[in-house]
Every structure is written in structure tokens, then in C-alpha cells.
Amino acid sequence: MTTTTSTTSATTDSGPTAVGRTATRPAAAGTDDGRAHEGLAGVHLTAGGVSLLLDVADGRLPAVVHWGAALGRVSAPEARALTAADVHAVVPNEVDVPVRLALLPEHHTGWVGRPGLSGSRQGRDWSPLFEVDELRVAAAAGAPEPERDGDLLTTGAARLVVTARDRVAALTLRLEVELAEGGLVRLRGALVNDGDEDYDLQELSLALPVPGRGREILDQAGRWGRERVPQRRPVVVGSHLREGRKGRTGSDAPTVLSVVVPGTGFERGEAWGLHVGFSGDHRSWVEKTSGGLQVVGGGELLLPGEVRLASGESYEGPWLYASWGDGLDEQAGRFHHWLRARPQHPTSPRPVTLNVWEAVYFDHDLARLVDLADRAAALGVERFVLDDGWFRGRRDDTAGLGDWVVDADVWPDGLGPIVDHVTGLGMEFGLWFEPEMVNEDSDLARAHPEWILQTGGRLPVRSRNQQVLDLGRPEAFEHVLGQMTAVLSAHDIAYVKWDHNRDLVDAGTVGGVPGVHRQTLATYRLMDELRRRFPGLEIESCSSGGSRVDLGVLERTDRVWVSDCIDPLDRQQMMRWTEQLLPPELLGSHVASGRSHTTHRLHDLSFRAGTAVFGHFGIEWDLRLATDAESDELRAWIAFHKEHRELLHTGTVVRVDEHDPSLWVHGVVATDRSAAVVALAYVDRSDVSPRGRFTLRGLDPERRYVVDPVTIGGPVRDAATLPWAGGTFSGRSLAVTGLQAPVSMPEQVQLLTVRAVD
Ligand code: DGJ
């Protein structure tokens, strides 16, 4: 989410309204709004197998006529007919005109569900009626120019910008809708206060209607150490409302909130999903009214008084991402396609990483860390990350946050010796920060207790012994920026692990008024500024594990830490569902010690590594405790990952809907379908043995493939004697006939490589 001009409250000390002051329109600077069009009744955006047909007739806000499978060529009369066919019947005891549901649902139409805009000037101007002043369309780079047919405009990937006004309420609304080449829809709204009096904005959300055949809701929940757990329930009249009030995305975030046709799985079944690309408080919902309409919507969740627009000021909401797919794989694929097409998407091979957290925790000792680095380099590790514990007073988790200077007691010669040693071994060096946080036991808090986010004349309840630093205050922002800049300038540091280990509670800024909104924007600015100062610096978004996984933070970060739970059994499920939004190369995915520090379960190295190998691979294990045999096996897994990471990190994610819930089959197929890496993950014991055949989807039906079990660490029990190992099969027979699943103990994984031979 961006603001529009340099005048934001985060650079003054005047209050929490992090908004832009703008004369006429709240456009993000430098965006191409394309050509203005007049007299249109419809706009048909179609790309990547998706159509978004919008009714824009009569100067009204755009309303979705169709969002889903591509419609092919649509003529102007057909578009008008489709629009007419979508008009809701007037039924007794409802308003006398059909309710028209725009992207910003408007109460004045008779829509009695959640309105898109909530706000007022002391009770006035709360139910606006917007009339479109201007509609502009710009084709995406490389896409064909829009074609006009009477009152219909047809485009490929494109961006539509609508500016609308309510002159009575003195408000200007700007809506942006984009369809990307891969079929992902992005939309956001912005509001300008054209009046003389302040406008108290409570909510600016957008919603997309979804067809009634979508009768189930599928989203995600979770908790610390067990993020992104799917949950399903029927759509009923009323709302399924997910509110994130934690000041961060949250381990329980819905991630992708979908309405699905019953029976939808990874392979097939329509799914209309929404993701709010924002790392602060947010809201998304599915709502069905007794009038038979149902929507999926979302936006930022604003706290009381958090955004009060003075005359001429604007607020711009976060991007919402909407993905339709026939099957959850297709829905996920549209997110992956969009992310991979971004200029900042990491394209270099993702360096195999060693993070020292679970190896040493706060026990920093140069000799021990040098030893770890030597062992890591010898195994083929490419990046070494020094985690929490390096800065002043940080001997445990009760002190030190906020003082981003090297602890001279533990590091008498500074970080130079470890950085030089690591880089001398040919590895990159990464360093942990938690820039938004402060311990009361820190020099910073002692000097500036007022910089702690707080309200009511008291400090918030502690969480992990810490408080949150008010980055919306320019002095606090400059303090952190300055200290981080000093550390990053002093050393050759390629990577920052950016942590955030508590929810925001009672997060009041200057005057005690809510500060979550401006804190979130300040964090984004801090990340942006550090990236500007240190080009090429990579940032990992970590937050008590995977509590900040969203497309807002991913505009300025290069991977996420999926979870603090590295137990491979849990990771199988977290990878599976985090991939609903993110492609594997963005998922920090490590091999930990045999006994999981989080669950205390014990797992073979082959299960740990065979699980982690799909993501941005790494190690989080005290390698001094690994036996020689384990080190040799780990070296082989690292080599395997390096051999296949280009495929794994560019290919298409496939998750197979297996008949046996104890066996999860998933993999990645090369974009040219010449090869694949597949996992048979035995996540439980089965009621039957053997389990029968599994299938592999996504290969070219006409080509023939050799399928080989990967035998690093020894195959699962009978894989060595598999009758089909090394056999040649067509892509079609692998998809529809399949192969007998090897018999295995539970909590094991058998990887397969699949290679086209013609
Ligand atoms: C939480 C993170 O998820 C861990 O990986 C680790 O960095 C700790 N914080 C350090 O305090």
C-alpha cells in the first residue's frame, strides 16, 4: 500500500493519519493510466484463461458481470445481453429497482450487505453515490492494444482506472483494476476528501461477486508453529468474517479466502479466492445475503480514528489479489505466475542457507560459529545467517531489542571476524534484525520510553518480553534506519532476516491514538529505504515463524520463513498450503535436527531433507552433532537440491488429489514439461496396505517419461525393488493409470525424478 505524496503523517509528528495530501487524485505516482474512454457500457479483460467482464454503463461504478473462465470473443451485443442477464429480479419487500453490486458495494443501491465505504463527517456523508468522471484503460506491457466494438472495450492484460465523484458528499473515489497476463486480478481503491471538513474513514473495502454454485468456503487458519491450516465450511446466509487485529498478517491469516464449488480439489473444481496484500490489520470476508447475492471482499481494518482525512487528503487501500481457478492448483498457479513476472522476483539460484538459530540460540561464540561455518561450507552451503543474539545486551529474549549495535562482550572484535570467515569460505553472510521491536531493558527504551507504542497512560502487555517501537515517529524511524545502516555498511552483508515476534496490542502512537496503520506503512518505508541504500540486499520476512506471509511485505522481501516448526510432518502441510499463495522458491525450508525442537518428534534425515528440498533450501541444525553418515547424506541432499533447484523454483506446482489421505503426492513439473520432481509423502499410516496406485498430473500426455526413485539415504522400504523403477511411461498413462505406491513406514518421503525421453 502506498501513499501519494511526500506529505504523510509518518514524516511529521502530528498524528496517525498516514495519508497523502493531493490536489486532485490519489494515483500512485508514475503509474500509466492509459487512454480515457467515453460512452462505454462494458469492459472485457481477458488473459491467461480468465475473463473479467465489467459493466461500466451509465457512469456507474464498475460491477462484475463475470469473473472466471475465459469467455472467448464477446461482441458488444453479447456483453450487453450478459449484463442484462445478470440483473437481479425485484422481489417483494426489497427495493423497487434491482440491486446493483459494484466493486465498491454501495448502500444507496439497496445493497444491505457490508458496504465498501464506511465513514462520515460527524455523521454526514456516510452513504455516497459515486458517478464516474473518467475511465482509463492501459494495456499491460507487451499486451495488444484494447479494441473497441461499439460500447464494449476488449483488452488482454490491462489496467483499468476509474475516477468517480460524489459532489454532495465531497468525495472522490479512484478504483484500479488490473488483469495480469496469467489471469490474476488485482484491485484497490483510494479516497480523497474534497470537502472542507475532516472525513473520518472507517473502512474502504472492495468486493467481488461470486456465483451461487460456489457453496463452500475454503480458507486457512493456524497458530504459532502450525501456520496455514486449511478449513472448509458451507456458505450460509450471513458472513464468514476474518479479521486480523494483530498489527501483523498473523499465523492465523486466511491467506487465500476462497469460495469453491463443493468437491473442489487441487486438480479441478472452481475456486474464487481473495488475498489482502497487507501486513497490518486487515479484513476479508465471504458474505451471502438473503437476496441471493454472495461476495468475497477485503481491505484494511482501520482502528477508531486511525484515518481522518483533512481537506484534500487521500487514503489508498492495499492491493487485493483475486484468483479464479479450475482447481486449487490453477488458482495457486495464477499467484505464482504473477509473482514470478515481477521485476524484483529473485531469479538467481536460491542459495542453500545455514541459519544458526536452532544450532546455538543465544549462545554466540566465535569459535563455535566458525566451526559451524566450516562444516556448512564443506557440505555445499552458500549462505550463513547469524540469528538473534549478536547485539548489545541480548543474552536472552528479555533484553536488547532496539540497540542495533554489536555486543562488545560477546563479539569483542565486532562481527568482522565471523563475516570475513564466512565470506572467505565463499558463502554469503546474513544477519538477523527485529527492527520494529524494543525491550524495556534496552538503552533505547531507557532513553525514549515514549517511543513505545502505547495508549491509556500505560504500557501494553508484554509479549515475548517485548514492546513495539513506534516507527511512525520520524525520530524512532531514523534511529533504527541509522543503526541498521551502520551495521550493514560496516560489513559485507547480503541478507537480512527481518523478524517480528509479537502482536500489536494497545498500539497507540502520539497522543495514544491508534498507530497500526502508520506503523505498517513505516515498516514498508524502512524496508524500501534499506533496499535503496543497499541494492541487492535480500530480506526474509519472518514473524515468529510464518506470521507475516502476504503480498504486501513480499513487494519488498525475497522469501518468507514458513514456520518456527521445522518438523517435516508439519512442514509437509505448511508447504502444501503456503503454496496456495507463494511459489516454492519463496518458502524458507530447512533441515533441522532429528528430534524436532518444536514437536519433539524424531524423524529420519531423508524425511526432513526430502520435505525441505522443494523450497528455498537450508539447514538449521547443530552440524557438530551430525554423524559422519548424516553429514554425507546431507551433502548428497544439498547436491540433489542444487541439481534440481532451477526446475523446482521455476516449474509448475502440482498437488495430486489422492484417494488415500495418508499419502500426499506433490511435485513440480518443468515449464516445458520435460521433467519433474515428485514427492510421495507418507504422512500417516493407512487403513490398507499396499495403498494402490498413485497418479502424476501435469506432464505432456504425448511424451514418454522415465520415472526413477531417488535413493539418497536409502529408499523407503520396498522402493529398491519397485517393478516400475526406471520404466518408461507416457504422460497420459502416468496421469490416468498411475503406478503402485511403494509400501512405506509412516513419516517418510520417497522422491521420484521424472525425465522425458522423447
Ligand atoms: C523467531 C524466528 O521465527 C526464529 O527463527 C528466530 O529467528 C527467533 N525469532 C529469534 O528470536
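How many salt bridges does the count come to in this structure? The count comes to 69 salt bridges. The model is a predicted one.

**Salt bridges**

Three of these pairs are set out below, with the N to O distance for each.

| Pair | N to O distance |
|---|---|
| Arg100 and Asp55 | 3.2 Å |
| Arg80 and Asp151 | 2.9 Å |
| Glu243 and Arg283 | 3.1 Å |

The side chains of Arg100 and Asp55 meet in a salt bridge that links distant parts of the chain, 45 residues apart. Arg100 is in the loop between H1 and strand S6 (117-120), while Asp55 belongs to strand S4 (residues 50-55). Arg100 is buried, at 13% relative accessible area, and Asp55 is buried too, at 7%.

In the salt bridge of Arg80 with Asp151, the closest N and O atoms are 2.9 Å apart. Here the partners stand 71 residues apart, with Arg80 in helix H1 and Asp151 in the loop between strand S8 (147-149) and strand S9 (152-155). Arg80 has a relative accessibility of 43% and counts as partly exposed, whereas Asp151 is buried at 18%.

Glu243 and Arg283 form the remaining pair of the table, at 3.1 Å. Glu243 lies in strand S16 (residues 238-244) and Arg283 in strand S19, so the salt bridge ties together parts that are 40 residues apart in sequence. Glu243 is partly exposed at 32% relative accessibility, and Arg283 is buried with a relative accessible area of 8%.

Salt bridges that share partners also join a set of residues into one network: Asp33, Arg159, Arg174, Glu176, Glu178, Arg186, Arg188 and Glu316.

**The largest pocket**

The largest pocket holds about 950 Å³ of space. Its lining is made of 48 residues, and those nearest the centre are Ala63, Val64, Asp86, Val87 and Arg100. Two or more lining residues come from each of strand S5 (63-69), helix H1 (76-85) and strand S18 (270-276). Helix H1 gives the most, with 7 residues. By residue class, the lining of this pocket has 26 nonpolar, 11 polar and 11 charged members. Arg100, one of the residues nearest the pocket centre, is also the salt-bridge partner of Asp55.

**Cavities**

The structure contains 7 cavities of 30 Å³ or more. About 80 Å³ of space lies in the largest cavity. Its lining consists of Thr249, Ala253, Pro254, Thr255, Leu274, His275, Val276, His282, Ser284 and Val549. S18 and strand S19 (282-288) each supply at least two of these residues, and the largest share, 3 residues, comes from S18. The lining of the largest cavity divides into 5 nonpolar and 5 polar residues, with no charged ones. Strand S18 thus appears in the linings of both the largest pocket and the largest cavity.

**Cysteines**

How many disulfides does the count come to? The count is 0 disulfides. Why is Cys542 not bonded to Cys565? The cysteine sulfur closest to that of Cys542 is in Cys565, and the two are not bonded because 14 Å is too far for a bond. The cut-off for a disulfide is a sulfur pair within 2.5 Å. Cys565 is likewise in no disulfide, its nearest cysteine sulfur being that of Cys542. Cys542 counts as buried at 2% relative accessibility, and Cys565 is buried with a relative accessible area of 1%.

Conventions:
Residues are numbered from 1 along each chain as its sequence is written. This is a predicted model: local features need pLDDT of at least 70, side-chain atom pairs count only at pLDDT 80 or more; totals for chains, interfaces and linings use all residues. Side-chain values use heavy atoms; hydrogens and water are left out. On a 1 Å grid over the protein atoms alone, a cavity is a set of points where a 1.4 Å probe fits but cannot get out, and a pocket is an open set with protein on both sides within 12 Å along at least five of seven lines; lining residues have an atom within 4 Å of a point. Grid points are joined across faces, edges and corners, and a volume is the space filled by probe spheres set on the points. Helices (H or I, at least four residues) and strands (E, at least two) are DSSP runs, numbered from the N terminus. Ala, Val, Leu, Ile, Met, Phe, Trp, Tyr, Cys and Pro count as nonpolar, Asp, Glu, Lys and Arg as charged, and the others, Gly among them, as polar. Buried means under 20% relative accessible area, exposed over 50%, partly exposed in between (1.4 Å probe, protein chains only). A salt bridge is a side-chain nitrogen of Lys or Arg within 4 Å of a carboxyl oxygen of Asp or Glu.
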